[in-house]
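Reader: I've just opened this one and I'm not sure where to begin. Could you walk me through how to read it?

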Amino acid sequence: MSQQQGIVTNNLANVIRKAQTERMSGELRVWRGNNTNTEVGSITFIYGQIVSARLGSYQGPQAFNMLSAWGQCLFVFIATTPPPFQQTQNPVTGPLRTPLSPGSGTLPSQERVSEAHSGPLLSLTAIPCATMSVVKAIGVIERAGLPRPYRQLILLIDGQRSVEELIVTLGLEPGEVSQMLQMLERLKIIRMAR
């Protein structure tokens, strides 16, 4: 897509807010600079909720915060037809959450597992590793009466994703993910490689 097809804005945060307010679904593609030094980014929305953001090698909240600070740039919004709302809670990508807002740095959650987390925040670079099969883990989670986000979390634990990547993928606050991981560790479903 050429830059000539884009629309000029002087404040990308206004475009982001409009997509959120109007509950739009699609990809916002943005670029700024000249032909020799162009920065390119994208933000994906489903029903106005931000589900991913990229800017060069940056992803998630960091990319979003950088993009939301952009002044003059070009953008194109490519609308898509989202799946029915109840199907957006995909076990691979995790539940959708309240949209990011410019400068927030996190994906705030609409649901709370608990208002206070049970221990100190885990290191963002720690990597959780499963100690049992997913099927067995889900059985333990269900017997413990834990809510759906725990099942979604265990599906994402592959021994390679860091706590930070899980936070971004699930769209939960760091304290919530830390609490969930600590609970899974207490249940001996995972171990933390710190």
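**Sheet first, then cores**

Author: Sure, and keep in mind that this is a predicted model. Start with the open sheet: 6 strands, ordered β1-β6-β2-β3-β4-β5, with antiparallel pairing.

Reader: Which strands are the edge strands?

Author: An edge strand pairs on one side only, and here those are β1 (7-9) and β5 (58-59). Take β5: its antiparallel pairing with β4 (residues 49-55) runs over 2 bridges, and Q59 in β5 is the bridge partner of R54.

Reader: What does helix α2 touch on the sheet?

Author: Helix α2 (residues 60-68) packs there against β2 (26-34), β3 (37-46), β4 and β5, and its direction makes about 80 degrees with that of β4.

Reader: How many residues does the largest nonpolar core have?

Author: That core has 24, and L153, I157, L181, L184, I189 and I190 have the most contacts inside it. The elements giving it two or more residues are α3 (134-143), α4 (148-156), α5 (163-170), α6 (174-186) and β8 (190-193). Zoom in on L184: leaving out residues up to four places away in sequence, L184 touches I141, Y150, L153, I157, I189 and I190. There's also a second, separate core of 17 residues, including V15, V30, C73 and F75.

Reader: Is C73 buried or exposed?

Author: Buried means under 20% relative accessible area. C73 is at 3% relative accessibility, so C73 counts as buried. C129 is at 14%, so C129 counts as buried too.

Reader: And how many disulfides does the structure hold?

Author: The count is 0 disulfides.

Note on methods
Residues are numbered from 1 along each chain as its sequence is written. This is a predicted model: local features need pLDDT of at least 70, side-chain atom pairs count only at pLDDT 80 or more; totals for chains, interfaces and linings use all residues. Side-chain values use heavy atoms; hydrogens and water are left out. A nonpolar core is a set of buried Ala, Val, Leu, Ile, Met, Phe, Trp, Tyr and Cys residues joined through side-chain atoms within 4.5 Å. Buried means under 20% relative accessible area, exposed over 50%, partly exposed in between (1.4 Å probe, protein chains only). Helices (H or I, at least four residues) and strands (E, at least two) are DSSP runs, numbered from the N terminus. Contact means heavy atoms within 4.5 Å. Two strands pair if DSSP finds at least two bridges between them. Axes are lines fitted to C-alpha atoms, for helices over the stretch in contact, and angles run from 0 to 180 degrees between N-to-C directions. A disulfide is a pair of cysteine sulfur atoms within 2.5 Å.
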